[in-house]
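Me: I have a protein structure here and would like to learn how to read it. Could you take me through it step by step?

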Amino acid sequence: MAASSQGNFEGNFESLDLAEFAKKQPWWRKLFGQESGPSAEKYSVATQLLIGGVTGWCTGFIFQKVGKLAATAVGGGFFLLQLASHTGYIKVDWQRVEKDMKKAKEQLKIRKSNQIPTKVKSKAEEVVSFVKKNVLVTGGFFGGFLLGMAS
């Protein structure tokens, strides 16, 4: 009797194939191919942390170097403009600057009232989903990024 009731139990329900469900996920499938999935399925914990840490450190190191260069360029540009203004090479029309600033404030007020576009929301949801599925790689990347910024 137990066997017959168990047979009826299997007939009433449908099984869910998680591998097929995971293949229907969005952008990283298109980018890395159909066989790509969450890295937790492919690599050990240590490998995931190592991959995330190394890529994060490289990104942080490059970000730091480019950031210093950009800050030097922007600061030097402001310094040269200020020097040129004080020596009389450049004359600033402050009334025009004030008028343009008022226009910019009005446009910001108009844009602030609009909601976030759905395309941005969907991309943010995809990123959050990717981070949740690859927690170890993401954690390793974040740690490596901080170390790269510090070095």
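**Rings and helices**

Reply: Let's begin with one side chain: F63 counts as exposed, because its relative accessibility is 51% and the cut-off for exposed is over 50%. Keep in mind that this is a predicted model.

Me: How do I get an overview of the fold? How many helices and strands does the protein have?

Reply: Start by listing the secondary structure. Here there are seven helices and zero strands, so the pattern along the sequence reads α-α-α-α-α-α-α. Then look at burial: of the 151 residues, 13% are buried. The protein exposes about 12800 Å², with carbon and sulfur atoms supplying 67% of that area.

Me: And how do I see what links parts of the chain that lie apart in sequence?

Reply: Look at the contacts. Among those between residues at least 6 apart in sequence, 75% join residues at least 24 apart.

Me: Let's take one helix. What span should α4 have, and what are its end C-alpha atoms doing?

Reply: The idea is to multiply a rise per residue along the helix. At 1.5 Å a residue, the 43 residues of α4 should span 63 Å, and the end C-alpha atoms lie 62 Å apart, which agrees. After α4 comes G88, which has a positive phi near 95°.

Me: Which residues of α4 are buried, and what do they pack against?

Reply: The buried ones are Q48, G52, G53, G56, G60, Q64 and A84. These buried residues pack against α7.

Me: How should I read aromatic pairs?

Reply: Look at two things, the distance between ring centres and the angle between ring planes. A search of the whole structure finds three aromatic pairs. In one of them, the rings of W57 and F61 have centres 5.1 Å apart and planes at 15°, so this pair is stacked. Both residues lie in helix α4, four residues apart, about one turn of the helix.

Me: Why does a spacing of four matter in a helix?

Reply: An α-helix has 3.6 residues a turn, so residues three or four places apart point the same way.

Me: Are W57 and F61 buried or exposed?

Reply: Neither label fits: W57 is partly exposed, with a relative accessible area of 36%, and F61 is partly exposed too, at 29%.

Me: Which residue does F63 pair with?

Reply: F63 forms an aromatic pair with F145, and this one is tilted, with 5.8 Å from centre to centre and 50° between the planes. The pair links distant parts of the chain, since F63 is in helix α4 and F145 is in helix α7 (residues 135–150), 82 residues apart. Ring pairs also join F63, F141 and F145 into a cluster.

Me: What about charged side chains?

Reply: Look for a positive side chain beside a negative one. The count here comes to one salt bridge. K102 forms it with E98, and their closest N and O atoms are 3.9 Å apart. Both lie in helix α5, four residues apart, about one turn of the helix. K102 counts as exposed at 52% relative accessibility, while E98 is partly exposed at 49%.

Me: Finally, where is the nonpolar surface patch, and which residues make it?

Reply: Look for nonpolar side chains that sit together at the surface. This patch covers about 970 Å² and is made by V74, F78, L81, Y89, I90, V92, W94, V97 and M101. Helices α4 (45–87) and α5 (94–113) each supply at least two of its residues. M101, for instance, is in helix α5 and is partly exposed, with a relative accessible area of 48%.

Terms used
Residues are numbered from 1 along each chain as its sequence is written. This is a predicted model: local features need pLDDT of at least 70, side-chain atom pairs count only at pLDDT 80 or more; totals for chains, interfaces and linings use all residues. Side-chain values use heavy atoms; hydrogens and water are left out. Patches are made of residues with over 30% relative accessible area and no salt bridge: like charges are joined within 9 Å, nonpolar side chains (Val, Leu, Ile, Met, Phe, Trp, Tyr) within 5 Å. Accessible areas come from the Shrake-Rupley method with a 1.4 Å probe; for residues, only the protein chains shown count as cover. A salt bridge is a side-chain nitrogen of Lys or Arg within 4 Å of a carboxyl oxygen of Asp or Glu. Buried means under 20% relative accessible area, exposed over 50%, partly exposed in between (1.4 Å probe, protein chains only). Rings of Phe, Tyr and Trp (its six-membered ring) pair if their centres lie within 6.5 Å; planes under 30 degrees apart count as stacked, over 60 as edge-to-face and the rest as tilted. The expected span of a helix is 1.5 Å times one less than its number of residues. Contact means heavy atoms within 4.5 Å.
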